[in-house]
Amino acid sequence: MNSKILNTYFLILFSIIPVSIIVGQAVSLINILIIDFSFIILILYKKDYKFLSNKTIKLIIFLCLYLIFNSIIAKDFSMSVHRNFGFIRFGIFFLAFNYFFYNKDFVNRVLIVWMITLSILSLDVYIESIFGRNMFGYGEEYGERIVSFFKNEPIVGGYINGLYLIIIGYLFYIDRKITNKYRYIILIFSMLLLVAIILTGERSNTVKAVFGFFLFYLLNDSFKFKEKLFSVFLLILMCIFLLNTSNFLKSRYGSQLFEPIGLILNPVTEFNIWERNNDKSKVRIYFNLYQSGFEVFKKYPIFGVGNKNYRVETCSNKKNTKYKCNTHPHQFYFEFLAEHGLIGVMILLFILFNLIFSKIKIILNSKNYLQFGCLIFLLTSFIPFLPSGAFFADYNLTIFWINLSIMYAVGKKTNVYRSN
């Protein structure tokens with residue numbers, strides 16, 4: 001094979017990943033499948049199978065086998081089979097990242113395109129927040145909610161949150177001399193990306209993004225303590241200014257945000273207050289879904305109802321008044337409990353947490369901020385009680401496995417092709 005042509009071919013496929021997600025789920029899926037099938041052909045051609053002995057790959061294979069088993073015991077096999085068998089593509093996706101992203105030149109070329117994509121999208125968020133419509137005229141379907149290029153889905157905040165720490169981490173990863181020279185510009189750029197997330201009004205993603213931002217810079221040794229303190233003060237001033245100039249943001253991040261914070265700090269008291277007051281707020285709706293997910297778990301405590309089967313159980317059973325008919329419980333932990341049961345939750349959390357937490361010490365010692373940015377996103381994904389989409393939905397899984405894959409791929413001691 002001509003290595004230059006091959007490298008360019010995969011370079012294009014990896015570079016358009018963020019754009020493919022924006023265009024739509026089908027395009028993103030096709031792009032990932034092309035990467036997967038092309039990579040399989042490459043591996044078969046080279047007959048390089050040493051990655052199979054890697055502990056990380058064994059864990060991912062075990063996860064795939066468990067999900068296949070979950071389909072077999074699911075209440076409705078047809079609902080879960082496509083999602084569970086389709087999960088295999090992310091294992092191959094992970095391998096492809098590890099194979100190509102160990103090459104720093106390849107990483108530079110791909111992530112520069114990603115940075116341009118994310119910058120244009122964030123600029124579009126600012127345009128829509130000011131003029132009510134984005135540069136393509138989208139923005140009326142969800143009122144004051146920002147949709148940007150996603151047109152009819154208010155998920156742009158989650159999208160930026162899923163990628164912005166990769167880009168910021170990459171800017172600190174390029175070269176230490178360049179980083180030290182332009183670190184203030186990088187800091188301002190990261191604040192602008194964070195503000196774009198805040199402007200979307202997506203509370204859960206904003207909480208995760210702000211927490212991730214603080215954690216990233218708190219442990220970043222490119223800045224002195226006084227500089228870190230000043231950046232926190234500056235960010236707080238920016239947030240105060242935004243809240244005072246927008247009734248929409250004031251509503252989204254005012255009383256509506258304090259409700260879930262109060263529930264996290266004192267769940268029993270706060271939930272009882274809502275019960276007595278018969279509160280119909282958006283937050284209460286979410287916690288009704290959590291309760292519904294727990295009700296499904298109580299009925300199927302061992303292995304759960306099966307992946308993607310929460311909707312089958314709650315929408316077909318009208319007798320249980322605590323059931324809330326929906327696609328999923330809107331929170332990862334309750335989704336795991338309802339659809340995978342106690343045994344499944346232990347398997348999923350053991351594998352996922354092992355994949356993430358086992359590399360923390362290596363990443364902190366290496367000072368690889370690209371890895372660190374990915375790690376922080378993965379950690380914030382599992383903050384309890386915050387609403388989320390379905391973990392095993394294509395969109396969420398794609399963002400999650402992009403971060404997990406890059407976290408492993410760009411490290412000498414974590415890349416599955418280079419480490420033992």
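In the predicted model, the buried residues of helix α1 are F10, L11, L13, F14 and S15. The helix itself spans residues 3-15, a run of 13 residues. From its first C-alpha to its last, α1 reaches 18 Å, close to the 18 Å expected at 1.5 Å a residue. The cover over the buried residues of α1 includes α2 (17-23), α3 (25-46), α6 (88-100) and α7 (104-131).

Two of these covering helices, α3 and α7, each hold a buried polar residue considered here. In α3, N31 has a relative accessible area of 4% and is therefore classed as buried, the cut-off being under 20%. With residues up to four places away in sequence left out, N31 touches L13, I16, I17 and S20. Of these partners, L13 is itself among the buried residues of α1. In helix α7, S122 likewise has a relative accessible area of 4% and counts as buried. Apart from neighbours within four places in sequence, S122 is in contact with I160, L193 and A196.

The largest nonpolar core of the model comprises 123 residues. Within this core, the residues with the most contacts are F14, F39, F101, W114, Y164 and W401. One of them, F14, belongs to the buried set of α1. Another, F39, is in contact with F10, I92, L95, A96, Y99, F100 and Y417 when neighbours within four places in sequence are set aside. Among these contacts of F39 is F10, which is also buried in α1.

The packing of α6 against α20 was examined next. The axes of α6 and α20 lie 9 Å apart and meet at an angle of about 30°, and the crossing of the two helices is right-handed. On the α6 side, the contact is made by R89, F90, F93, F94, F97 and N98. The α20 side contributes D394, L397, T398, W401, I402, L404, S405, I406, Y408 and A409. W401, part of this contact, is also one of the residues with the most contacts inside the largest nonpolar core.

A409 is found in helix α20, which covers residues 394-409. Its relative accessibility is 0%, so A409 counts as buried. Beyond its neighbours within four places in sequence, A409 is in contact with F97, N98, F101, Y102 and N415. F97 and N98 are also listed on the α6 side of the packing with α20, while F101 is one of the residues with the most contacts inside the largest core. A409 and F100 are separated by 309 residues in sequence, yet their C-alpha atoms are 8.0 Å apart in space. F100 also appears among the contacts of F39.

The cysteines were considered separately. The count comes to 1 disulfide, which joins C315 to C325 with an S to S distance of 2.0 Å. The link of C315 and C325 is right-handed, with 95° about the S-S bond. The pair connects distant parts of the chain, 10 residues apart: C315 sits in helix α16 (residues 310-316), whereas C325 lies in the loop between α16 and α17 (332-357). Both ends of the link are partly exposed, C315 with a relative accessible area of 25% and C325 at 47% relative accessibility. As for other cysteines, C239 is partly exposed, with a relative accessible area of 24%, whereas C374 is buried, with a relative accessible area of 0%.

Backbone geometry set apart two lysines. Most residues other than glycine have a negative phi. K47, although not a glycine, has a positive phi of about 55°. This residue lies in the loop between α3 and α4 (55-72), and at 64% relative accessibility K47 counts as exposed. K151, also not a glycine, has a positive phi of about 65°. K151 is located in the loop between α7 and α8 (156-173) and is partly exposed, with a relative accessible area of 47%.

Key: Residues numbered from 1 in each chain as written. Predicted model: local features only at pLDDT ≥ 70, side-chain atom pairs only at ≥ 80, totals over all residues. Heavy atoms only, no water. Helix = DSSP H or I, 4+ residues; strand = E, 2+ residues; numbered from the N terminus. Expected span 1.5 Å × (residues − 1). Buried < 20%, exposed > 50% of the residue type's maximum accessible area, 1.4 Å probe, protein only. Contact = heavy atoms within 4.5 Å. Disulfide = S-S within 2.5 Å. Core = buried A, V, L, I, M, F, W, Y, C linked by side-chain atoms within 4.5 Å. Axes fitted to C-alpha atoms, helices over the stretch in contact; angles between N-to-C directions. Left-handed = near helix turned anticlockwise from the far one by under 90°.
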